[in-house]
Amino acid sequence: MAKKGSKREDRKKSKAPALGELLRIPAAKPVDLSSYDPAGTPAGPADKATGLKDTARMGEHLADLQERLWAASTAGDGRRLLLVLQGMDTSGKGGTVKHVIGLFNPSGCRISAFKAPTPEERKHDFLWRIKRALPHPGEIGIFDRSHYEDVLIARVRELAPHREINDRYGRINRFEKSLADDGVTVVKCFLHISYDQQRRRLLERLDNPDKHWKFNPGDIEERALWPAYQQAYEIALARCSTPEAPWYLIPADRKWYRNWAISRLLLDHLTALDPQYPKADFDVEACRERLPASD
């Protein structure tokens with residue numbers, strides 16, 4: 001017979017909020033990034049070793065759900081998922097693509113990295129290049145940076161008039177709502193890294209010749225604008241975390257937790273979609289009979 005204390009513990013566990021609830025940025029409320037711990041591990045495993053094992057275990061479930069999503073699209077299911085990754089330099093956008101998306105079949109993923117707009121892209125609306133990179137039905141899309149660059153670096157570097165940048169928040173919200181209405185599950189993750197941790201990671205790149213290709217002297221200039229970027233992120237997170245496309249704040253000082261949390265979020269969202277393998281549109285038994293027996 002279970003002890004009374006055990007039943008109480010079970011009740012407590014059943015009331016524990018899901019990871020998405022813990023990491024979601026509340027809609028239409030001010031955001032103060034200094035109140036979030038970049039080294040925190042909300043609802044995470046007890047330690048790194050456990051986190052790595054748990055992330056690996058999730059891989060099998062993620063791969064199964066991805067295959068089901070792709071299979072469902074062959075029967076007309078138009079749903080797909082878009083993972084948006086934003087964060088300061090060294091926060092782990094590339095690392096997330098490598099470690100988390102590596103759990104999926106790459107043939108079903110559409111990965112796009114957005115850098116400074118090309119001359120052709122500048123001729124168009126800021127959402128033009130984003131729309132061209134959206135995942136197709138059955139696919140999982142990953143954005144390494146995104147349309148949010150146009151309210152982040154554009155705001156900090158004053159690359160567009162203030163009125164135009166303010167107008168973009170509303171346009172982004174309408175765009176993301178249209179995606180949700182069209183069957184796109186949008187999972188937006190802000191990788192929250194600390195100022196000190198960013199310095200350590202930049203120094204690691206300088207100390208290792210094999211990592212020099214990842215270092216850009218311009219990163220030091222961007223780092224000098226840290227307060228302005230934090231403010232720009234706070235505004236974007238507050239104004240663009242909506243019911244249709246909420247922002248999730250991912251503590252990113254611990255790489256293993258970052259990978260675990262994003263894997264868990266993807267697993268939860270794909271599980272909620274519950275894609276199904278389509279039923280055969282042919283006579284299975286007739287086809288079985290037509291196959292010749294082996295000698």
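Buried here means under 20% relative accessible area, exposed means over 50%, and partly exposed is whatever falls in between. With that in hand, His269 is an easy call: at 19% relative accessibility, His269 counts as buried because the cut-off is under 20%. Keep in mind as you read on that this is a predicted model.

**The overall picture**

The protein has 13 helices and five strands. Its C-alpha atoms fill a box of roughly 70 × 60 × 45 Å along the principal axes. Of the 295 residues, 45% count as buried. Take the contacts between residues at least 6 apart in sequence, and 82% of them join residues at least 24 apart.

As for the outside, the protein exposes about 16,600 Å², and carbon and sulfur atoms supply 52% of that. There are 49 positive and 42 negative charges, and their mean positions sit 5 Å apart.

**Back to His269, and on to Glu149**

His269 belongs to helix 12, which covers residues 255-273. Leaving aside residues up to four places away in sequence, what does His269 touch? Its partners are Leu81, Thr185, Val187 and Tyr248.

Glu149 is another buried residue, with a relative accessible area of 13%. You'll find Glu149 in the loop between strand 3 (140-144) and helix 7 (153-156). With the same sequence neighbours left out, Glu149 touches Gln86 and Ala154.

**Salt bridges**

The count of salt bridges comes to 17. Here are three of the pairs, with their closest N to O distances.

| Pair | N to O distance |
|---|---|
| Arg80 and Asp182 | 3.0 Å |
| Asp89 and Arg145 | 2.9 Å |
| Asp150 and Arg168 | 3.9 Å |

Start with Arg80 and Asp182, whose salt bridge has its closest N and O atoms 3.0 Å apart. Arg80 lies in strand 1 (residues 80-87) and Asp182 in the loop between helix 8 and strand 4 (184-192), so this pair ties together parts that are 102 residues apart in sequence. Are the two partners buried or exposed? Arg80 is buried, with a relative accessible area of 11%, whereas Asp182 is partly exposed at 47%.

Next come Asp89 and Arg145, joined in a salt bridge at 2.9 Å. This pair links distant parts of the chain, 56 residues apart: Asp89 is in the loop between strand 1 and helix 4 (93-99), while Arg145 is in the loop between strand 3 and helix 7. Both Asp89 and Arg145 are buried.

The third pair, Asp150 and Arg168, meets in a salt bridge at 3.9 Å. Asp150 sits in the loop between strand 3 and helix 7 and Arg168 in helix 8, so to speak 18 residues down the chain, and the pair links these distant parts. Asp150 and Arg168 are both buried.Beyond pairs, there is also a network: Asp64, Arg68 and Asp274 are linked by salt bridges.

**A positive patch**

Which residues form the positive surface patch? They are Lys48, Lys98, Lys211, Lys214 and Lys255. Take Lys211 as one of them: Lys211 lies in the loop between helix 9 (195-207) and helix 10 (218-223). Lys211 is partly exposed, with a relative accessible area of 35%.

**Two backbone oddities**

Most residues other than glycine have a negative phi. Against that background, two residues are worth a look.

Ala28 has a positive phi of about 55 degrees, although it is not a glycine. Where is Ala28 placed? Ala28 is in the loop between helix 2 (19-23) and helix 3 (48-73). At 72% relative accessibility, Ala28 counts as exposed because the cut-off for that is over 50%.

Glu158 also isn't a glycine, and it has a positive phi of about 55 degrees. The place of Glu158 is the loop between helix 7 and helix 8 (162-181). Glu158 is exposed too, with a relative accessible area of 67%.

Definitions and conventions: Residues are numbered from 1 along each chain as its sequence is written. This is a predicted model: local features need pLDDT of at least 70, side-chain atom pairs count only at pLDDT 80 or more; totals for chains, interfaces and linings use all residues. Side-chain values use heavy atoms; hydrogens and water are left out. Helices (H or I, at least four residues) and strands (E, at least two) are DSSP runs, numbered from the N terminus. Buried means under 20% relative accessible area, exposed over 50%, partly exposed in between (1.4 Å probe, protein chains only). Contact means heavy atoms within 4.5 Å. Accessible areas come from the Shrake-Rupley method with a 1.4 Å probe; for residues, only the protein chains shown count as cover. Lys and Arg count as positive and Asp and Glu as negative; His and the chain ends are not counted. The place of a charge is taken as NZ of Lys, CZ of Arg, CG of Asp or CD of Glu. Patches are made of residues with over 30% relative accessible area and no salt bridge: like charges are joined within 9 Å, nonpolar side chains (Val, Leu, Ile, Met, Phe, Trp, Tyr) within 5 Å. A salt bridge is a side-chain nitrogen of Lys or Arg within 4 Å of a carboxyl oxygen of Asp or Glu.
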